[in-house]
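Good morning, colleagues. Please keep the sequence and the structure in view while I speak.

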Amino acid sequence: MGLGASGGGGRATRALRLLLLLVFALAAVEFIFGSILDASPLKTYLYTPIYNATQPTIRYGDKSWPKRTSSVNPEQKVPIAKFKNVNVTNNTTKVDSSVITSILFNISHKQDVSDNTTEQEIVFSTPLLISKLMGGNKSFVTTEDGVNKREPAMPLCDAMPPDLGLMNVNKSEMELEMVDKKYPEVRIGGRYAPPNCTARHKVAIIVPFRDRQQHLAIFLNHMHPFLMKQQIEYGIFIIEQEGNKEFNRAKLMNVGFVESQRLERGGWQCFIFHDIDLLPLDTRNLYSCPRQPRHMSVAIDHFNFMLPYADIFGGVSALTLEQFVKVNGFSNKYWGWGGEDDDMALRLKKVNYHLSRYKSSIATYVMLDHKKSVPNPKRYQLLSQAIKSFQNDGLSTLEYELVQVVQFHLYTHVLVNLDERS
């Protein structure tokens, strides 16, 4: 009997040792590969979350946000005529990287409430942040290879919509009030979705803006019919810089990325960063995001429809959510004209992306007349440091003051006050 008991005890000890080895092995795998594989079930059992996922996440307009009463007259903040049926938010809010993380974290959890990953764990840990954001957008995949949409209520739109081709361009000055009456199918905030099919692409059009009131009506009058022909779901966001500091186009585009995500339930998967003075001529130039970043404005009349240089990424460019987060967005350091797009091209190459383009006979644009901006004298110095500093300059360091959000019929207007230059 003693020997039998001893043998049984030995087997139990060996079994316990094997179990412990298995637990340690799983912990090691999670530690090494967790940020890539997102092994959240293992985290549920091995870790105690710092953040309580049952608590409400910070949302736009939440009283827990730090706020101050704006000293600016709301009617003076929007440099265009007043319209009926608009949504206005006037509370001034200071936005920094912690708030941005909350916004992106909230989006990633809207469709997956069982995940126990903490907000602190995704503070610009790029692989995990990408997996979380993409996980929160499971119902859409915006690549040109197809869409994974769960039980669409309508059939998918054609991969190549019918009747695409050249469009006429009206560059004449026009009143915004008149344009506002032309497109009843567009929903408030400049949102549109095809009425008879499920869009293959969900796209935010981000437009950095200041002192271009004469171009806004022309841009909206051209872009809405252009985009509707492509049967995409989209929203147009005009991101305006308040104040007299030098224009910071790249930082405004970072703001546009964050604010468009905050305002759209479930977020966007594709982002077109678009100068307001460029109008596309051919609807075959699809406003979608392929597997590689796309430079859209290849052939512009101002440059005799020639590509100025091989690595140009300015004018109009398309990036998926994953691509944009992976390179930490645009740099925040480019005050004045020039350099920020070349900086983005360097970032993309650093993480092994390459620039894609349509052929120049399709990716054609006309440029609206405008006064030439003063070049940034520090742009070449900043470009020389771009590769070394991109992980510490961009979304992870973005700070701005959100002054006002107005949802007009044909677009969403976001007014921001950018930080002092650093």
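I shall begin with the chain as a whole, then turn to confidence, and finish with one helix.

What we have here is a predicted model. The chain has 422 residues, and 52% of them count as buried. Twelve helices and 14 strands are assigned along the chain. Among contacts with a separation of 6 or more, 82% are between residues 24 or more positions apart. As for the surface, the chain exposes about 20,600 Å², of which 54% is supplied by carbon and sulfur atoms.

Next, confidence. The chain has a mean pLDDT of 77, with 67% of its residues at 70 or more. Where does pLDDT stay under 50? One such stretch is residues 31-84, for which the model nevertheless has 93 contacts beyond four places in sequence. Residues 134-143 also have a pLDDT below 50, and this stretch has 42 contacts in the model beyond near neighbours in sequence. Where pLDDT is low, the predicted coordinates should not be read in detail.

Finally, please look at helix α10, which spans residues 340-350. Which of its residues are buried? They are E340, D341, D343, M344, A345, R347 and L348. An α-helix has 3.6 residues a turn, so residues three or four places apart point the same way. And what covers the buried residues of α10? The cover includes the helices α8 (249-263), α9 (321-326), α11 (379-384) and α12 (386-389), together with the strand β11 (316-320). After α10 comes N352, where phi is positive, near 75°.

Conventions:
Residues are numbered from 1 along each chain as its sequence is written. This is a predicted model: local features need pLDDT of at least 70, side-chain atom pairs count only at pLDDT 80 or more; totals for chains, interfaces and linings use all residues. Side-chain values use heavy atoms; hydrogens and water are left out. pLDDT is the predictor's confidence in each residue, from 0 to 100. Contact means heavy atoms within 4.5 Å. Buried means under 20% relative accessible area, exposed over 50%, partly exposed in between (1.4 Å probe, protein chains only). Helices (H or I, at least four residues) and strands (E, at least two) are DSSP runs, numbered from the N terminus. Accessible areas come from the Shrake-Rupley method with a 1.4 Å probe; for residues, only the protein chains shown count as cover.
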